Amino acid sequence: MKEFIRVALDAMGGDYAPAAPVEGAVRAVKEFSDVKVILVGKEDVIKNELKKYTYPNDRIEIKNATEVIVTGEPPVRSIQEKKDSSLVVALKAVKAKEADALVTSGNTGSVLVGGQTIVRREKGVERSPIATAIPTEKGVALLVDAGANVDARPDHLVQFAIMGQAYAEKVLNIDKPKVGLLNIGAEEEKGNALTKEVYGLLSSRSDINFIGNVEGNEVSKGKADVIVADGFAGNLVLKMYEGVSSTLMKTVKEVFMTNAGTKIGALLIKKALKEKLKTFDVDQYGGAPLLGLTSLVVKSHGNSKAAAFKTAIGQCVSFIKADLNAIIKERLNDIG
């Protein structure tokens, strides 16, 4: 019997649940021949959604969960009290090795708490960062940490660099990824106490392709393939990125709708513009893995559509095939 990579998908999490996760699961099993999806959530609701599609029945199964953790619920309390929620049941399935990975677009705080307390960190991992792919002029870069750890020590950021570099190599297929430290200036002496100490630590390591500081205006230019930051600064960059991208696309559309001349111009460049703007579409990046856990947990954007869930499931396949957890564990063990 063929061995499948089993991905648990939180069918009740996110703005468009359960429709988007279920459709994403169907798309995934049709596109990836080596994956099996376990849809976790209210069984009757999921079954009703699945009736809309044809798919290989042996590669989608349902795991019932009667509760849902919604946006705004206190993370710790939600994990402790809603033990039959789709998120908690899915996390426990991963912990019990009933699934190899989890994808969810549910409550971010609850995902972080559940990942740390249920799935748990690998031995030697001090903190688990969120690794988020962001578009740049040169393709894509990885922002680590994008918000999981708002307070971090220098040694935490060194681990973020090691884990992020491994992910960029093995999953994003970037050869010798350049690692940069998010800072307010290019010079070594710039920044606060944290970044100054981290700069020295990263500079001293031969196993990290460290290129120095990366300023905010250099992130989108693709100066670095992996951008290391504490979760506070990283999340500020991420949210600014998302806001500017949304405003830019809205402004471009408004300009083209100004008058007859601009509408004609829009028609002439529509195809090329559409392709270019795809680089700002979160759906093509799937989700953000929480690195350093004993099993893979991927947090998708709250407004993810079916395409994003399909891509996130594909991410899980690449992650597991690359045996990234073993690589991260080995590299962290080499820290001296």
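**Strand pairing in the sheet and the setting of Ser86**

Strand 6 (residues 139–144) runs parallel to strand 9, and three bridges join the two. Val144 of strand 6 has Val228 as its bridge partner in strand 9. These features, like those that follow, are taken from a predicted model. Helix 9 (residues 231–256) packs on the sheet and touches strand 5, strand 6 and strand 7; the direction of helix 9 makes about 45° with that of strand 5.

The sheet as a whole is open and consists of five strands in the order 5-6-9-7-8, with mixed pairing. Its edges are formed by strand 5 (131–136) and strand 8, each of which pairs on one side only. From one strand to the next, the twist averages 30°. In general, the strands of a sheet pair through backbone hydrogen bonds, in either a parallel or an antiparallel manner.

Strand 7 (residues 179–182) pairs with strand 9 (residues 226–228) in the parallel sense, over three bridges. Strand 7 is also parallel to strand 8 (residues 210–214), to which four bridges join it. Between strand 7 and strand 8 the chain passes through helix 7 (residues 193–203), and the resulting β-α-β crossover is right-handed. Helix 7 lies across both of these strands and runs at about 165° to strand 8.

Within strand 7, the side to which residues point alternates: Val179 and Leu181 point one way, whereas Gly180 and Leu182 point the other way. All of these residues are buried. Leu181 takes part in the pairing with both neighbouring strands, standing opposite Asn213 in strand 8 and having Val228 as its bridge partner in strand 9. Val228 is likewise the bridge partner of Val144, so that residue is named in the pairing of strand 9 with strand 6 and with strand 7.

A further site considered here is Ser86, which is located in helix 4 (residues 86–95). Ser86 counts as buried because its relative accessibility is 2%, under the 20% limit that applies to buried residues. The side chain of Ser86 is joined to that of Asp10 by a polar contact of 2.6 Å. Asp10 is also listed when contacts with neighbours within four places in sequence are left aside: Ser86 is then in contact with Asp10, Met12, Val40, Gly41, Ala65 and Glu67.

How values were computed:
Residues numbered from 1 in each chain as written. Predicted model: local features only at pLDDT ≥ 70, side-chain atom pairs only at ≥ 80, totals over all residues. Heavy atoms only, no water. Buried < 20%, exposed > 50% of the residue type's maximum accessible area, 1.4 Å probe, protein only. Pairing = 2+ DSSP bridges. Right-handed = clockwise from strand over helix to strand, strands pointing away. Axes fitted to C-alpha atoms, helices over the stretch in contact; angles between N-to-C directions. Contact = heavy atoms within 4.5 Å. Polar contact = N/O pair within 3.5 Å; in protein donor to acceptor, adjacent residues only side chain to side chain.
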